[in-house]
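Reader: Hi! I have a structure open and would like to talk it through with you. Could you put it up so we can go over it together?

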There are 2 protein chains.
Amino acid sequence: MDKEQLIACHERIKPFIHNTPVLTSQLLDEMTGAQLFFKCENFQKMGAFKMRGGVNAIMQLSDEARRKGVVTHSSGNFAQAVSLAAKSLGVPAYIVMPSNAPRVKKEAVKGYGGKVIECEPTLEAREKAAKKIVDEKGATFLHPSNDLDVILGQGTACKELLEAYPDLDYVIAPVGGGGLIAGTALSAFFFGKDCKVIGGEPFEVDDAYRSLQSGKIETNITTNTIADGLKTQLGDKNFPIIQKHVEQIIRVTEDEIIAAMRLLWERLKIVCEPSCAVAFAAVQKEKELFRNKKVGIIISGGNVDLGNLPF
Amino acid sequence: MDKEQLIACHERIKPFIHNTPVLTSQLLDEMTGAQLFFKCENFQKMGAFKMRGGVNAIMQLSDEARRKGVVTHSSGNFAQAVSLAAKSLGVPAYIVMPSNAPRVKKEAVKGYGGKVIECEPTLEAREKAAKKIVDEKGATFLHPSNDLDVILGQGTACKELLEAYPDLDYVIAPVGGGGLIAGTALSAFFFGKDCKVIGGEPFEVDDAYRSLQSGKIETNITTNTIADGLKTQLGDKNFPIIQKHVEQIIRVTEDEIIAAMRLLWERLKIVCEPSCAVAFAAVQKEKELFRNKKVGIIISGGNVDLGNLPF
């Protein structure tokens, strides 16, 4: 992938996304000793950066493929992203969701125009249901993170951040399936001035940290983290990018995530997901590394259940 | 007051305030039938629009008066605004607070550099304590809303909003002591294109609504509202401006405020005070009036206690 592809991707998706604001806080700067720039993708359409990759992946399809539609299996932000991106582009979207997914999530997908197909709550059942749609409808399967068009789309958040603040020393993003961190790393490499990219990951699901150490894609045996967007593992398309362009991954505890999340709500006045707090917690944890540096932080999304906050 | 005074005020305070972002939401537009533009003063320094008026009022003081300092009595956002504004300008700030004010509020004032003077929790004791500081220190008393320099400062939020979106049909702001709505009305009059200003007020403290009807400043006998920033009454400096330039005041119930607040948190992904939700609730209540109109809404502040949410 090269710089021109990322530029073309950004131009392509611009009419369908927000160039989200960047917030700063004198108080959080004083607390961390760094100069922080929060790229607020919680304000993105449908509430998360995933809109970017979803739009780009669908726009790269042929007219015929678009007519037949797209399918994914997800109960998280990618389900909503594909639904809204597809709606924006006049493309049918089929979303396979486990029968036990919260009703509010199914309603959100339907609200954005996605067709919900329910299945048993196992990975096998999900994949089978998605494959059935592919076979029957000729729909294209979209992977939420291990897809080069999705990775390019996610990278445009960091591109916008560097357009606003070109001389960032670091950009930090949470690491889940690897799409966001890989796209961020590409943008920092192409558009930054010696801008290093660091990932934030919960200790409880530190598969990416271990993958960088072992040199192969590791998995998580348990996923006991509040950062529900980060439970997934890396893929063969994003892992090489991460190996090449990500400086390191900083791991944080569940308590650190919750405390960081509360600070973001109280001080930045934003509603954001625990996953976002992982990136900010990483800065708080490694203060010495970031002291007096300009640090961009990707606030990945804001789709939380207000009735179930950890504080 | 004229247009040039407002322009000069804005230029004067610019180095000390944020030009806060304006957020939009397709979903909230669809729900209301209007096109909404949320001016997010919850992202203002110290978390509320009051920073604007505080900075302007202090900057208008003579060098000698600045040396002697400023004093106010408040347990709300104006206490923090005066503290931070004074700190930014190197001026001593004395904040009279009732002894039963929440510790977190006293700490916030101290954190911004204000000197807290405790008094008995009565209006009489507050005023006496403030007068003592004026007498002893020669400090200047700042009123949170009934002061022309404060009103001009608060008006700069609407000025920025109209600079970004010049053709708004309406701007709506909550009505408490009257400083914000008066400043907003002046800005809309000077900088809008036939832009009407409407106030939002809780039924429980509808003194401004009644004042516009009776033609004199009315008070509230009880103040049982969740919108704790709106319990105060109008003053002789802002009331004539409100009479002349505010189109009408829309009243909303406590349930409507809470529901609107939840929608703002869930859909705009912002942490904002119940007072802000009053303005948005007014739009939801009078849908016909705002249908297909471009409506600016002043999100006044974001200083809430996360441990004590109404949902």
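**Salt bridges and the interface**

Author: Happy to! Glu256(B) and Lys285(B) form a salt bridge, with the closest N and O atoms 3.0 Å apart. Bear in mind that this is a predicted model.

Reader: Thanks! Where do Glu256(B) and Lys285(B) lie?

Author: Glu256(B) is in helix 12 (residues 254-268) of chain B and Lys285(B) is in helix 13 (residues 274-285) of chain B, so the pair ties together parts 29 residues apart in sequence.

Reader: And is Glu256(B) buried or exposed?

Author: In between: its relative accessibility is 27%, so Glu256(B) counts as partly exposed. Lys285(B) is partly exposed too, with a relative accessible area of 33%.

Reader: How many salt bridges does the rule count over all chains?

Author: The count comes to 32 over all chains. One of them is between the side chains of Lys294(A) and Asp167(A), at 3.1 Å, N to O. That pair links distant parts of the chain, 127 residues apart. Lys294(A) is in strand 10 (residues 294-299) of chain A, while Asp167(A) sits in the loop between helix 8 (148-164) and strand 7 (170-174) of chain A.

Reader: What about accessibility for Lys294(A)?

Author: Lys294(A) has 25% relative accessibility, so it counts as partly exposed. Asp167(A), at 36%, counts as partly exposed as well.

Reader: Got one within a single helix?

Author: Sure. The side chains of Lys131(B) and Asp135(B) meet in a salt bridge at 2.9 Å, N to O. Lys131(B) and Asp135(B) are separated by about one helical turn, because they are four residues apart in helix 7 (residues 123-137) of chain B. Asp135(B) is exposed, with a relative accessible area of 53%.

Reader: Nice. Which residues are linked in a network of salt bridges?

Author: Lys39(A), Glu41(A), Arg52(A) and Glu160(A) are linked in such a network.

Reader: Switching topic: how many salt bridges does the rule find across the interface of chain A and chain B?

Author: Zero. The rule does find eight residue pairs in polar contact across that interface, both residues at pLDDT 80 or more.

Reader: Which helix gives the largest share of chain A's side?

Author: Helix 12 (residues 254-268) of chain A, with five residues. The residues on the side of chain A that touches chain B divide into 11 nonpolar, eight polar and five charged.

Reader: What area is buried between chain A and chain B?

Author: About 1,800 Å², with carbon and sulfur atoms giving 60% of it. Phe43(A), Lys269(A) and Leu306(A) supply 35% of the area that chain A buries against chain B, more than any other three residues. The contact takes 24 residues from chain A and 24 residues from chain B.

Reader: What rotation superposes chain A on chain B?

Author: A rotation of 180°, with 0.0 Å of shift along its axis and an RMSD of 0.0 Å. That is the relation of a two-fold axis. In chain A, the C-alpha nearest the axis belongs to Ile270(A), 2.2 Å from it. The same surface serves both copies, as 100% of the contact residues of chain A recur in chain B.

Reader: Now some backbone. Which phi does Asn292(A) have?

Author: A positive one of about 60°, although Asn292(A) is not a glycine. For context, most residues other than glycine have a negative phi. Asn292(A) is in the loop between helix 14 (287-290) and strand 10 of chain A, and at 70% relative accessibility it counts as exposed.

Reader: And what is the phi of Asn292(B)?

Author: Near 65°, again a positive value in a residue other than glycine. Asn292(B) counts as exposed, at 68% relative accessibility.

Reader: One more, on protonation setup: is His245(A) buried or exposed?

Author: His245(A) is buried, with a relative accessible area of 18%. It lies in helix 11 (residues 239-245) of chain A. Not counting residues up to four places away in sequence, His245(A) touches Ala185(A), Leu186(A), Phe189(A) and Val197(A).

Reader: Last one: which side chain does the side chain of Glu11(B) make a polar contact with?

Author: That of Lys14(B), at 2.9 Å. Glu11(B) lies in helix 1 (residues 3-13) of chain B, and at 46% relative accessibility it counts as partly exposed.

Conventions
Residues numbered from 1 in each chain as written. Chains lettered and ligands numbered in written order. Heavy atoms only, no water. Helix = DSSP H or I, 4+ residues; strand = E, 2+ residues; numbered from the N terminus. Buried < 20%, exposed > 50% of the residue type's maximum accessible area, 1.4 Å probe, protein only. Polar contact = N/O pair within 3.5 Å; in protein donor to acceptor, adjacent residues only side chain to side chain. Contact = heavy atoms within 4.5 Å. Buried area = accessible area lost by both parts, 1.4 Å probe. Salt bridge = Lys/Arg side-chain N within 4 Å of Asp/Glu carboxyl O. Nonpolar A, V, L, I, M, F, W, Y, C, P; charged D, E, K, R; others polar. Least-squares fit on C-alpha atoms with pLDDT ≥ 70 in both.
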